[in-house]
Amino acid sequence: MGDDPPVPLSREEAEFARQVGKKAARKLRVQREGVQGVWFGLGMFGLIGWSVAIPTVLGGLLGLWWDKRHPGAHSWTLMLLAAGLFIGCANAWHWIAMEDKAMRPGPEDKDE
């Protein structure tokens, strides 16, 4: 039994063995890194919310200050509020893209 030559695998069996190996490696990687729980999700939710809210509020406050100092035909409050909202959304998009990239399979998990 121990001296028997290895039996050649068919193409389907080799592909199946490769997929099982990849999934086992991914499972071991997740076990090493630990599972992200509910608190991680709530924390990320809060981070995204604050990353949008803070620039929006700061833009609005800066606009109010500017309008009081230099009144004009255009509302700086609305313009800076919109600019703060845009910056906040871009910041949130950045954080989401980083987390999405971290959740995607690594180079050893490609070809799935």
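In the predicted model, Arg18 has a relative accessible area of 35% and is therefore classed as partly exposed. Its salt-bridge partner is Glu15, and the closest N and O atoms of the two residues lie 2.4 Å apart. Glu15 is likewise partly exposed, since its relative accessible area is 31%. Both residues belong to helix α1, which covers residues 11-33, and they are separated by three positions, about one turn of the helix. In an α-helix there are 3.6 residues a turn, so residues three or four places apart point the same way. A search of the whole structure yields one salt bridge.

The chain contains three helices and zero strands, and its order along the sequence is α-α-α. Of the 112 residues in the chain, 14% are buried. The accessible surface amounts to about 9500 Å², and carbon and sulfur atoms contribute 70% of that area. Among contacts with a separation of 6 or more, 67% are between residues 24 or more positions apart.

Helix α2 comprises 32 residues, which should span 46 Å at 1.5 Å a residue; the end C-alpha atoms are 47 Å apart, in agreement with that expectation. Helix α3 has 28 residues, and the distance from its first C-alpha to its last is 40 Å, close to the expected 40 Å at 1.5 Å a residue.

The buried positions of α2 are Met44, Ile48, Ser51, Pro55, Thr56, Gly59, Gly60 and Gly63. Helix α3 is included in what covers these buried residues. In α3, the buried residues are Thr77, Gly84, Gly88 and Ala92, and they pack against α2. Ser51, located in helix α2, illustrates this arrangement. Its relative accessibility is 8%, and because buried means under 20%, Ser51 falls in that class. Apart from neighbours within four places in sequence, Ser51 makes contact with Gly88, Asn91 and Ala92. Two of these partners, Gly88 and Ala92, are themselves among the buried residues of α3.

Helix α2 also carries Val57. This residue has a relative accessible area of 49% and is partly exposed, because the partly exposed class extends up to 50%. Val57 contributes to a nonpolar surface patch of about 630 Å², in which Trp50, Ile54, Leu58, Leu61 and Leu64 also take part.

Aromatic side chains were examined next. A pair of aromatic rings is described by the distance of the centres and the angle of the planes. With ring centres required to lie within 6.5 Å, two aromatic pairs are found. In one of them, the rings of Trp65 and Trp66 have centres 6.0 Å apart and planes at 55°, so the pair is classed as tilted. This assignment follows because an angle of 55° is neither under 30 degrees, as needed for a stacked pair, nor over 60, as needed for an edge-to-face pair. Trp66 also pairs with Trp76; the centres are 6.0 Å apart and the planes meet at 70°, an edge-to-face geometry. Trp66 lies in helix α2 (residues 38-69) and Trp76 in helix α3 (residues 76-103), so this pair ties together parts that are ten residues apart in sequence.

Through these ring pairs, Trp65, Trp66 and Trp76 are linked into a cluster. The three residues were also assessed for accessibility. Trp65 is partly exposed, with a relative accessible area of 42%. The corresponding value for Trp66 is 32%, which places Trp66 in the partly exposed class. Trp76, at 35% relative accessibility, is partly exposed as well.

Methods: Residues numbered from 1 in each chain as written. Predicted model: local features only at pLDDT ≥ 70, side-chain atom pairs only at ≥ 80, totals over all residues. Heavy atoms only, no water. Buried < 20%, exposed > 50% of the residue type's maximum accessible area, 1.4 Å probe, protein only. Helix = DSSP H or I, 4+ residues; strand = E, 2+ residues; numbered from the N terminus. Patch = residues over 30% accessible without salt bridge, like charges linked within 9 Å, V, L, I, M, F, W, Y side chains within 5 Å. Areas by Shrake-Rupley, 256 points an atom, 1.4 Å probe, with all protein chains shown as cover. Salt bridge = Lys/Arg side-chain N within 4 Å of Asp/Glu carboxyl O. Contact = heavy atoms within 4.5 Å. Expected span 1.5 Å × (residues − 1).
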